[in-house]
Amino acid sequence: DLNDLGYMERNSLRQVEWDTNRRVAASSSESRITGETQRLYLVYRENAAGQRLQSRIQLSRDVQYNNAWRAYEELRVVPGGVDDLILSRGNGPVKLDTRVNGYADFTSPRFGNWQFVLGAYAFQQGVEDYSGWLQLVTTWYAHEKLTLRLDLLPQYSDDWLLWEEDNLFGSYRARRLDFDFRLDWIPAPRHELRIKWQWIGIHADPRRAYLADPSGRLRRIDIAPADQTMALTPSPRPPDLAVVPFTVNNLGVQIRYRYEIAPQSELFVVYARGGYDLIDDDERGVGQLFRHMRDVRDSDQFLIKFR
């Protein structure tokens, strides 16, 4: 098992990479920039069957300013290729055209006890239209031994391609919110308390349906506008086949206490709660899902570990 040697991204992969970095120092003591890294990253990928997977041409720029701000910019071109993971159930791979993605984020210096990160990403995750998300990270250094971090990631997808069954795919217009809260506290030497609260809410409405032909190309199917169940017509498939709206409500909470008994000897006491709901024909928006997160409860675990 090759995975015993370490992390393996996926099975059936041949990959060649080229990574070039250029570092630029400040031209003078009065320069606004204290340092800059420019990067060119090329990767070619194919599977063990010789099919060309989606590869990548990536240009990025990481700039550090003398006022302690940092900016990162990235442009990514993904040449056309096949996706052999989205449809890996005996129906063959799907061919996707060339895509262009762009990303940027800005990290602030410390303003008193606060620090911020603001990011934006525009990308293609379907057949033709774009999606995007924003990221806002707020960190509060309340004390040298107490840090709170909140990460919000709202996302809007105009063309989210998902496999449904057999060779049927649905394109969805979706709204999603990722909520990530973390608290790290060291109340006394050798004691540590960490709280992590992660939640994801998704509301998705179908907009198009596709059938993959034997060559892997996606062929659009008309959706009857008068049918609220979004039945597909015309199609040789069963008449009750439908691409329907759905919601996802996913919650994970962990409270972990760690006590260092002696060097390399620790006691952990952990409580974890998790839940996942995937509901078809659910009309609740992301805000309603957030308010109902307490209803998502599949498991409670309590763990004591001595190392």
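In this predicted model, Y72 stands opposite D105 in β7. This pair belongs to the pairing of β4 (70-78) with β7 (99-107). The two strands run antiparallel and are joined over 9 bridges. A second facing pair is R76 and N101, the latter in β7.

Strand β4 also pairs with β3, residues 56-65. These two strands run antiparallel as well, and 8 bridges join them. Here S60 stands opposite E74 in β4. The strands form a hairpin with 4 residues between them. Within this hairpin, A68 takes a positive phi near 80 degrees.

Strand β7 has a further partner in β8, residues 114-123. The pairing is antiparallel and covers 6 bridges. F106 stands opposite L118 in β8. The hairpin of β7 and β8 has 6 residues between the strands. G112 in this hairpin takes a positive phi near 65 degrees.

The side chains of β7 alternate along the strand. R99, N101, Y103, D105 and T107 point to one face, and these residues are buried. V100, G102, A104 and F106 point to the other face and are not buried. Two residues of the buried face have already appeared in the strand pairs. N101 is the partner of R76, and D105 is the partner of Y72. F106, the partner of L118, belongs to the face that is not buried.

Strands β4 and β7 also contribute to the largest pocket. This pocket has a volume of about 400 Å³. Its lining comprises 19 residues. Nearest its centre lie R45, Q54, S55, R56 and V78. Four strands each supply at least two residues of the lining: β2 (33-46), β4, β5 (81-83) and β7. By type, the lining divides into 7 nonpolar, 4 polar and 8 charged residues.

The chain as a whole contains 1 helix and 16 strands. It has 307 residues, and 36% of them count as buried. Its C-alpha trace spans about 70 × 55 × 45 Å along the principal axes. The exposed area of the chain is about 18200 Å². Carbon and sulfur atoms supply 54% of that area. Contacts between residues distant in sequence were also counted. Of the contacts with a separation of 6 or more, 55% come from residues 24 or more positions apart.

Positive phi values also occur at two residues outside these hairpins. S12 has a positive phi of about 55 degrees, although it is not a glycine. S12 is found in the segment before β1 (14-25). S12 counts as partly exposed because its relative accessibility is 35%, a value between the limits of 20% and 50%. D166 is likewise not a glycine, and its positive phi is about 50 degrees. D166 lies in the loop between β10 (146-165) and β11 (168-185). With a relative accessibility of 42%, D166 also counts as partly exposed.

Two further residues lie within strands. P206 is found in β12, residues 191-212. P206 has a relative accessible area of 11%, so it is buried; the cut-off for this class is under 20%. P206 and W160 are 46 residues apart in sequence. In space, their C-alpha atoms are 9.1 Å apart.

Y276 lies in β15, residues 265-280. Its relative accessibility is 43%, so Y276 counts as partly exposed. Y276 and S299 are 23 residues apart in sequence. Their C-alpha atoms are 9.8 Å apart in space. Leaving aside residues up to four places away in sequence, Y276 touches V248, N249, N250, V296 and D298.

Terms used: Residues are numbered from 1 along each chain as its sequence is written. Side-chain values use heavy atoms; hydrogens and water are left out. On a 1 Å grid over the protein atoms alone, a cavity is a set of points where a 1.4 Å probe fits but cannot get out, and a pocket is an open set with protein on both sides within 12 Å along at least five of seven lines; lining residues have an atom within 4 Å of a point. Grid points are joined across faces, edges and corners, and a volume is the space filled by probe spheres set on the points. Ala, Val, Leu, Ile, Met, Phe, Trp, Tyr, Cys and Pro count as nonpolar, Asp, Glu, Lys and Arg as charged, and the others, Gly among them, as polar. Buried means under 20% relative accessible area, exposed over 50%, partly exposed in between (1.4 Å probe, protein chains only). Two strands pair if DSSP finds at least two bridges between them. Contact means heavy atoms within 4.5 Å. Accessible areas come from the Shrake-Rupley method with a 1.4 Å probe; for residues, only the protein chains shown count as cover.
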